[in-house]
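Trainee: Please take me closely through one part of this model, in a single connected account, and tell me how each term is to be read.

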Amino acid sequence: MYCHVCGTKSNPGDSTCRKCRTKLKDSSSTDEQIWAETAVGLESGSGKALDQLSRQQQSAPKQSNTAQGRAFSWIIPLLLAAVMGALLTYYYKQEIGINAEVKSLHQQAEQAALDGKYQEALQLLDSALVKRPNVDGLVKDRQITAKAFNLMNQLNEAATSLKTGKLAAGDKTLQAVAKVLKEREEPVFAKVRTTLNNNKVTLAVLKVKKEIDSLTTVQALAEKLDTVSKLKGKEAEAVQKQIIDKLAGFSYKQAEQQVKKKDFTAALQTVDQGLSYAPEDDKLTAYRERVLSEKKAFEKAEAERIQLAEQQAAEEDLKNRTAAVNIVDVEATLDMYGDLYISGSIVNNATRPISSVTVMLDIYSSDGAYLGQTYADVYSSWLDVGDQGFFETYYYGVYEEAEVSVVNATWYLE
């Protein structure tokens, strides 16, 4: 152990410096280890200067015995002592500057590591070790930081695997990292733990997302919704929304079929069930109103159909019933979940207002293969002569660009 004031080396067990009587500090800390290295340098410099002074004093008796020679023999040691003092002072100040720089680098590295900036922390520690390579605190901190940096890189690789659909590989990496973290309690691993937890949530969400496409019942989707609702994060929220949208979509389609069969009571029950899972779904809410409107319109239409039939001209009736809907445009866009978003618009070419317009859409792959069929309802539900209406719907689980065409349309004449 070295005295932090004069640099004198003390024996083990000494509590005060034998030379200047200063209370000794424990050199186990990083700061005191830095000063210990400085003291070694100072002791080395002092030894060299004292050795030089000793040689000068040994050569002094060889001078003449004259008064001038005796005076000269004293001047040389004094000059050497002054030079030695100046050199030691310069060396001491230089070492103080290095110690302060090393301490600053160490503190910056600690903060960077706590912030999860492991690469930056390693660079700072390496700079400090260049100046003080034998400080245990710096060496140990670098080892710990390097371990955290390596784990973070593994998590980044796992995240890449998850994004590319390699769930098994990503899961294996996450388990390996979790196993290592169980044995680490240092604060520097906090960022790694946070990233690991986020990746675990992402993995759970992606597993559910992968299963969603194969689910075809409201009950199965409701079970998955319950699972995802317990997870946190943007990915969980996105999949939760997708499940809700699909639940609403199932209810919507089922209600459509029931409306086509004029079973308006069953259609209302189906819509209400969908709203119990997706109470904020505007489209389903609007469709409920539409079912009520169509129910009323149907009942009214049935009562008036016979009376109106004889009053309409055959040509006008044919046009209104077979060519009232003119398709303006149809677009299909593949979203980030592999689902096809379909939208388009129509114009009422009839001579009377129409309502409850539904278009039937066929979906084909880019190479012409038939993928399936879906329906879309036009809104507003009531269109005056010449009015333009719009429709939109989803076709789930496509995973590729596709082409959509309107193959049929149905509507009610007012």
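Mentor: Two strands are said to pair if DSSP finds at least two bridges between them, and the elements themselves are DSSP runs numbered from the N terminus, a helix being H or I over at least four residues and a strand being E over at least two. The model is predicted, and for that reason local features need pLDDT of at least 70 and side-chain atom pairs count only at pLDDT 80 or more, while totals for chains, interfaces and linings use all residues. Residues are numbered from 1 along each chain as its sequence is written, and side-chain values use heavy atoms, with hydrogens and water left out.

The part I would choose is strand 4, which spans residues 370-379 and pairs with strand 3, residues 354-365, in the antiparallel sense over 7 bridges. Within this pairing, threonine 358 has aspartate 377 of strand 4 as its bridge partner. The two strands form a hairpin with 4 residues between them, and in that turn glycine 368 adopts a positive phi of about 95°. Strand 4 is also joined to strand 6 (residues 388-395), again running antiparallel, this time through 2 bridges, and here valine 378 stands opposite phenylalanine 391 of strand 6.

To place these strands in the whole, the chain holds 11 helices and 7 strands, and 35% of its 414 residues are buried, that is, under 20% relative accessible area with a 1.4 Å probe and protein chains only, where exposed means over 50% and partly exposed lies in between. The largest nonpolar core has 29 residues, with Leu138, Leu155, Val177, Leu181, Phe189, Val192 and Leu196 making the most contacts inside it; such a core is a set of buried Ala, Val, Leu, Ile, Met, Phe, Trp, Tyr and Cys residues joined through side-chain atoms within 4.5 Å. Helix 2 (67-114), helix 3 (118-131), helix 4 (136-163), helix 5 (167-181) and helix 6 (190-212) each supply at least two residues of this core, and helix 4 gives the most, with 7 residues. A second, separate core of 22 residues includes Val359, Ile363, Val398 and Val404, and Val359 and Ile363 lie in the range of strand 3, the hairpin partner of strand 4.
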